[in-house]
Amino acid sequence: RPELSDLACQQRSLRAVEEAEIAALAAALEQRRRAMRGQPPVDAEDGDQLEKLVGSDPTALCVVAFHARWCHQCRAMSPVLLGIALQTPVIKFLRATTSSSDRVASRLGVTKIPAVIFLRGGCEKENILFERHGWEAGFEQEIRGKVEALSEHDGGSGLKAGASGSKSDTRDLHRLLAAEAVEVKELMTEPLACLDRFVVFQAKEADTGGLGPDFNLNVSGHESARTAVAHSMLERMHEDVKYYAASAKQQTVCKLAFLSDAVVERGVAGEASNGDELSRAAHSTDDLIGSLEALRDSDALAVKEALTLLTEAANHVDLEAPGAVERTCFLLRRRSGEKAQAWPELLLGSVLSTR
């Protein structure tokens, strides 16, 4: 029945969702969220940052995964580590490349990658609680088992999903889904603004083929150009030419900030380049890739949670409202397949097509 759904609405307004509304919706849908949610592993830019992250809280348990971009086994480890991290909020998960954090890796005795080391209190050998080097059989099971044991020892819930439904659940959901007006604008206009530190924009003057502000396109003497419509079209054409010439001179090209044209030219020519310059470029590339992966993981988590809540909200029927018998019958028909459920694609399509 249309009155039981949003399809009866003649108008829809888009606005920010308040925390109280999310809390009420979560309660109505009987959402059972964990009071705390793990975060994706943080990529350390270099050894100094890694030491700072591990030592920021002497009592915190940290899991550091040493890897390399060229290592296939390290790539196999990444989704495993991500899954464990998202399920374990009481442990801080970090990732570091052996090239950018070679001094710390050597101090901790890393001889084979991927290497996973459990630390508490700093990046020193005496602070190691557990270590595993290399990707052999039983790697995932051993890491999960150690995470389970240590996280429970620290007062966490290990890898077992909890169910509380407390106020902290909805606060966590609000933190995940909330967005300020500035963030929404940034998402719509500059979704990769957080990566601006990796790029520079340089002016580039394009070849306009002779078109410029003074380009003379005077055909007003032609007999077909004597009407008011023709005059209007000629004026518009002249304005378009001036706009094109001006915009062509203001074009910019985007380049990697850490990779100069000189280094690229020498590399193409097969000439030797400065070792320090190449090393910095390699480290910056690792940092860029890590930032992109972190952004991807964060977006994927937000989309997953938002779509789940949105879909459940669209299909929710309040049995406490008047007409409980009719609403119950509607739910039973939907359960038996007589009534359809709304799906995310339909919801998004409805929003995009709503004026």
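## Burial, cores and one ring pair

Q: Is Phe-118 buried or exposed in this predicted model?
A: The relative accessibility of Phe-118 is 0%. The cut-off for burial is under 20%. Phe-118 therefore counts as buried.

Q: What geometry does the aromatic pair of Phe-118 and Phe-130 have?
A: The count of aromatic pairs comes to one. In this pair, the centres of Phe-118 and Phe-130 are 5.3 Å apart, with 75° between the planes. An angle over 60 degrees puts a pair in one class. For Phe-118 and Phe-130 that class is edge-to-face.

Q: How many residues apart in sequence are the parts that the pair of Phe-118 and Phe-130 ties together?
A: Phe-118 sits in strand S4, and Phe-130 in strand S5 (residues 128-133). Phe-130 is buried too, at 12% relative accessibility. The pair ties together parts whose separation in sequence is twelve residues.

Q: Which residues touch the most other members of the largest nonpolar core?
A: This core has 21 residues. Helix H2 (47-55), strand S2 (61-67), strand S3 (92-97), helix H4 (102-107) and strand S4 (115-120) each supply at least two of them. The residues that touch the most other members are Leu-50, Val-54, Phe-66 and Leu-119.

Q: Which residues is Leu-119 in contact with, leaving aside neighbours within four places in sequence?
A: Leu-119 belongs to the largest nonpolar core. Its contacts beyond the four-place window include Val-54, Ala-60, Leu-61, Cys-62 and Val-64. The others on the list are Leu-108, Glu-124, Asn-127 and Ile-128.

Q: How many residues are in the second, separate core?
A: Leu-61, Val-63, Val-80 and Leu-150 are among its members. The second core is separate, and its count is 17 residues.

Q: What distance separates the C-alpha atoms of Ala-44 and Asp-287?
A: Ala-44 lies in the loop between strand S1 (42-43) and H2. Ala-44 is buried, at 9% relative accessible area. Leaving aside neighbours within four places in sequence, Ala-44 is in contact with Gln-49, Leu-50, Leu-53, Arg-95, Ala-96 and Ser-100. Asp-287 is 243 residues away along the chain, and the C-alpha separation is 8.1 Å.

Q: Which residues is Asn-315 in contact with, leaving aside neighbours within four places in sequence?
A: Asn-315 lies in the loop between helix H10 (275-314) and helix H11 (324-336). Its relative accessible area is 8%, so Asn-315 is buried. Beyond the four-place window, its contacts are Arg-334, Gln-341 and Ala-342.

Methods
Residues numbered from 1 in each chain as written. Predicted model: local features only at pLDDT ≥ 70, side-chain atom pairs only at ≥ 80, totals over all residues. Heavy atoms only, no water. Core = buried A, V, L, I, M, F, W, Y, C linked by side-chain atoms within 4.5 Å. Buried < 20%, exposed > 50% of the residue type's maximum accessible area, 1.4 Å probe, protein only. Helix = DSSP H or I, 4+ residues; strand = E, 2+ residues; numbered from the N terminus. Contact = heavy atoms within 4.5 Å. Phe/Tyr/Trp six-rings, centres within 6.5 Å; stacked < 30°, edge-to-face > 60°.
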